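User: Please take a close look at one part of this predicted model, namely a pair of helices in contact and the sheet and core to which they belong. A connected account would be preferred to a list.

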Amino acid sequence: MPIGFRGDPGMAPGNENPLSQVIAPAALLLVAVLWSLLVLFSLWTQRGQLNHTAQQLARIDAVANLKKDMAIRKWASQVGGVFINEDKAPNVDALSEQERVQAERMTGESLKLISLTSIHILLGIQEVSNKEYGSKERLTSLQLHNRDNAPDEWETKALKTLEAGSEMVAEAMPKKRGHGLMRVMIPMRMEEECLECHRETLVPVGGLRGAAAVSIDLNTYWSAQEPAWRAIQYWHGGIWFAGIALLYAYWSFLRRRAAEHARQDEKRRENEAAFSAMAEGAIITDAQGSILWVNDAFCRIYGYARDEVIGKNPRILKSGYHGEAFYRELWDALTRQGHWRGELWNRRKNGEIFPEELSIQALRGADGQALRYISIFSDITERKRNEEALRLHQQRLEESETRLRELAAFLQTVREEERTRIARELHDELGQALTALRLDLGWLRGKCPNFGSLGAPAAERVAAALGVVEQSIVSLRRISEDLRPAMLDSLGLAAAIEHHVSQFSQRTGISCRLSMNREEFDLERDLTTAVFRIIQEALTNIARHAGASEVSVRIEEAEDSIRLEVRDDGRGFAAAGDKKTFGLLGMRERAAMLGGNLEIDSRPGEGTRITGWLPLRKEAQA
């Protein structure tokens, strides 16, 4: 069951980079303008707050001055007036009607005193305040005795407000230049003490007689706020610059992120194109096994359209060929190791069951939990078909090789039996005939002197014939030994090898050392013959081709095998190549037919070493 990788497929080629809208220079400029406007708004707000503070301070001072003046007025009213030196009296027209007295100091100095009412005292205080402190205080009323004190437009409105019951009227009056004036007015109520002088006004006690007004220049209070205003400007300038720098740094960071995102998008699109274009099928599923994406090769292999499988579980592809245990092992390996690879049989949309080679990889999150499964698979139907054909061909080849080897073994056995028969017939029949002929020639040679004049020549002829017979017997014995040594069957392998090695040394003059770990080898007949023939062929090749001066032959019988080695110090040879070395091939085949092997190690100028290993099959075990 193909189950995809767990990994974010990211297969949405139409998705645009979400950062593309915020990394444009226009976006940076817009944010910088908004930030500048925000800083300016904050600065403007702070300026307004400072103006408000200045106005409040001016208002507090104005109210305090007026209340102080009213307190002095009330005190003067309570004491009934104050006599002062007439020379220092304020310049008030109404003083001409005031009481005057003559006083004398204790020093005898004469003084003229004039009585000042509360209003006179208040007017004097306001005159000094207007000259010394820059504020403008004055008394006014809607019921005038002195037209010079007529209220202006603002004072008229303020008096009406106070007459309506208000306790104070204050207002900042801006100017085109500067910060303007703070104007404050508080009421002057009719009191018992005031009735003595103002009965004609018909204002009842507690009613509004008039008002005291003051105008204070706000520039003085604003100048006191200048250090704070400069500090606020510096702070806002620093905050604005820091904000612009931070905006630019963040914008640069977003540009780098966007560039990286663009590179990842490009790589993702390349990966998607590669996934889509590759010949292998690909599936991506979520952690629950629902298919998120498949490539074109999947649709081509299974026959499903992409919309038919998206959101489905890969179980729709199961063929029923595998049991539940198979899938449990698959999931166990995938959960434990994070990947699985193997062969699987699945079902196409048309119902055809086919084999596939499947590789599943789990993509995990930071917590180690699988997020996606990605599966890559190939349709191996053709490969399976070729493998089956190759297997059948290999099987037939092995069967043919087995039959050929059996045929070779049969031919070898037949050959050995034929050679044994021929050797026996040569030894028994021809050997006996030659022996009888030698005996007859020997008898005839003894009778030759009786032939008179023919005796000497006849004796020579008989002697020559006897020599030929003797030589023929030797040749017959050698040929018989080569065909099948009678000693091999009568005395065993050890004696036959020892005799053959001795004959080899006498015949070739090459020193030959023989080493055997048994006095006699109790081996099965075929194994005995094979060991003897391998030694015989090896010595024959040495005599013909090696040009050696020394040869060593070693035969060892182990618990389960017999090992042999023939080594010479001859000229050696390179790899056979195209050379048809039938002798070496025959030795290898003899070993292979008995389940053993033969190795030949030779290099030019370094001699040759032939080592063989044959499984042991004793006669008693056969």
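Analyst: The axes of α12 and α13 come within 11 Å and cross at roughly 10°. Angles under 35 degrees count as roughly parallel, and α12 is therefore roughly parallel to α13. On the α12 side the contact is made by L493, A496, I497, H500, V501, F504 and T508. From α13 it draws on T528, V531, F532, I535, Q536, L539, I542 and A543. By character, the residues of this contact divide into 11 nonpolar and four polar, with no charged residue among them. The model is predicted, and every value given here is computed from it.

The two helices also belong to a wider assembly. The largest nonpolar core of the model has 36 residues. At least two residues of this core come from each of α12 (493–508), α13 (525–546), β15 (550–557), β16 (561–568), α14 (582–593), β17 (597–602) and β18 (608–615). The element that gives the most is α13, with 10 residues. Within the core, I542 and V551 have the most contacts. As a general background, nonpolar side chains tend to be buried together in soluble globular proteins.

I542 deserves separate mention, since this residue takes part in the contact of α13 with α12 and also belongs to the core. With neighbours within four places in sequence left aside, I542 is in contact with F504, I510, G547, A548, V551, V566 and D568. One of these partners, F504, is itself among the α12 residues of the helix contact. A second core, separate from that one, has 22 residues and includes I291, V309, A333 and L334.

The helices are next placed against the sheet. Five strands form an open sheet of mixed pairing, in the order β14-β15-β16-β18-β17. β14 (511–516) and β17 stand at the edges with a single partner strand each, so one side of each has no neighbour in the sheet. From one strand to the next, the twist averages 10°. α12 packs on this sheet by touching β14 and β15, and its direction makes about 170° with that of β14. α13 likewise packs on the sheet, where it touches β15, β16, β17 and β18; the direction of α13 makes about 10° with that of β16.

Within the sheet, β16 has β15 on one side and β18 on the other in the strand order. β15 and β16 are paired in the antiparallel sense over seven bridges, and the two strands form a hairpin with three residues between them. In this pairing E557 stands opposite I562 of β16. β16 and β18 also run antiparallel, joined by eight bridges. Here R563 faces W613 of β18 as its opposite residue, and E565 stands opposite T611 of the same β18. Six of the eight residues of β16 are buried, so this strand is largely enclosed by the rest of the structure. The threshold behind that statement is a relative accessible area under 20%.

For context, the chain has 622 residues, of which buried residues make up 35%. Its secondary structure comes to 14 helices and 18 strands. Of the contacts in the chain with a separation of 6 or more, 62% are between residues 24 or more positions apart.

Another sheet of the chain may be set beside the one described above. An open sheet of three strands has the order β2-β4-β3, with antiparallel pairing. Its edge strands are β2 (82–85) and β3 (100–104), each of which pairs on one side only. Neighbouring strands of this sheet are turned against each other by 40° on average, direction ignored. β3 pairs with β4 (residues 110–116) in the antiparallel sense over five bridges, and E104 stands opposite S110 in β4.

Finally, a single position in another helix may be noted. A464 lies in α10 (residues 455–483). A464 is partly exposed, with a relative accessible area of 45%. L441 is 23 residues from A464 along the chain, and the C-alpha atoms of the two residues are separated by 9.8 Å.

Notes:
Residues are numbered from 1 along each chain as its sequence is written. This is a predicted model: local features need pLDDT of at least 70, side-chain atom pairs count only at pLDDT 80 or more; totals for chains, interfaces and linings use all residues. Side-chain values use heavy atoms; hydrogens and water are left out. A nonpolar core is a set of buried Ala, Val, Leu, Ile, Met, Phe, Trp, Tyr and Cys residues joined through side-chain atoms within 4.5 Å. Buried means under 20% relative accessible area, exposed over 50%, partly exposed in between (1.4 Å probe, protein chains only). Helices (H or I, at least four residues) and strands (E, at least two) are DSSP runs, numbered from the N terminus. Contact means heavy atoms within 4.5 Å. Two strands pair if DSSP finds at least two bridges between them. Axes are lines fitted to C-alpha atoms, for helices over the stretch in contact, and angles run from 0 to 180 degrees between N-to-C directions. Angles under 35 degrees count as roughly parallel, over 145 as roughly antiparallel, 65 to 115 as roughly perpendicular and the rest as oblique. Ala, Val, Leu, Ile, Met, Phe, Trp, Tyr, Cys and Pro count as nonpolar, Asp, Glu, Lys and Arg as charged, and the others, Gly among them, as polar.
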